Amino acid sequence: MQQVLAAHEIPSRIIDLGIPSYFGGGSPAALQVRPQDRWIALLLLSCPEEEAQI
């Protein structure tokens with residue numbers, strides 16, 4: 001996801017949420033972007049809607 005944003009020149013960083021894992025699966029993380037880039041990032045990372053069948 002971070003590479004997709006970087007390809008569109010949207011700065012981002014990965015934030016560790018700080019919750020330890022219970023079963024050794026790693027800790028959760030989040031991707032942070034600037035407030036002015038939020039909607040563009042959401043559009044780039046969202047699933048495309050299925051085309052309506054006519």
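**Reading a small predicted fold**

Mentor: Let's start with one residue: Glu9 counts as exposed, with a relative accessibility of 73%. Keep in mind that this is a predicted model.

Trainee: Thanks! Where is Glu9 found along the chain?

Mentor: Glu9 sits in the loop that links helix H1 (2–7) to strand E1 (12–16).

Trainee: What should I look for in the phi of Glu9?

Mentor: Here is the general idea: most residues other than glycine have a negative phi. In this structure, Glu9 is not a glycine, yet its phi is positive, about 60 degrees.

Trainee: Now the overall layout, please. How many helices and strands does the protein have, and which pattern do they follow?

Mentor: There are 2 helices and 2 strands. Going along the sequence, you meet them in the pattern α-β-β-α.

Trainee: How do I read the way E1 and E2 run, and how many bridges join them?

Mentor: The two strands run antiparallel, and 5 bridges join E1 to E2. To find one in the structure, pick Ile14, whose bridge partner in E2 is Leu31.

Trainee: Does E1 lie largely in the open or largely buried, and why?

Mentor: Count its buried residues: 0 of the 5 residues of E1 are buried, so this strand lies largely in the open. For the protein as a whole, 7% of the 54 residues count as buried.

Trainee: What about the surface: how much of it belongs to carbon and sulfur atoms?

Mentor: The accessible surface comes to about 5,100 Å², and carbon and sulfur atoms account for 58% of that.

Trainee: On to charges. What can side chains of opposite charge do?

Mentor: They can pair when their charged atoms come close. The count here is 1 salt bridge, formed by Asp37 and Arg34, with their closest N and O atoms 2.8 Å apart.

Trainee: Which of these is Asp37, buried or exposed?

Mentor: Asp37 counts as buried because its relative accessibility is 9%, and the cut-off for buried is under 20%. Its partner Arg34 is partly exposed, at 41%.

Trainee: Where does Asp37 lie, and which residues is it in contact with?

Mentor: Asp37 is in the loop between strand E2 (29–33) and helix H2 (38–45). Setting aside neighbours within four places in sequence, Asp37 is in contact with Ile10 and Pro11.

Trainee: And for the protein, how much of the contacts comes from residues 24 or more positions apart?

Mentor: Among contacts with a separation of 6 or more, such residues account for 34%.

Conventions: Residues numbered from 1 in each chain as written. Predicted model: local features only at pLDDT ≥ 70, side-chain atom pairs only at ≥ 80, totals over all residues. Heavy atoms only, no water. Salt bridge = Lys/Arg side-chain N within 4 Å of Asp/Glu carboxyl O. Buried < 20%, exposed > 50% of the residue type's maximum accessible area, 1.4 Å probe, protein only. Helix = DSSP H or I, 4+ residues; strand = E, 2+ residues; numbered from the N terminus. Contact = heavy atoms within 4.5 Å. Areas by Shrake-Rupley, 256 points an atom, 1.4 Å probe, with all protein chains shown as cover. Pairing = 2+ DSSP bridges.
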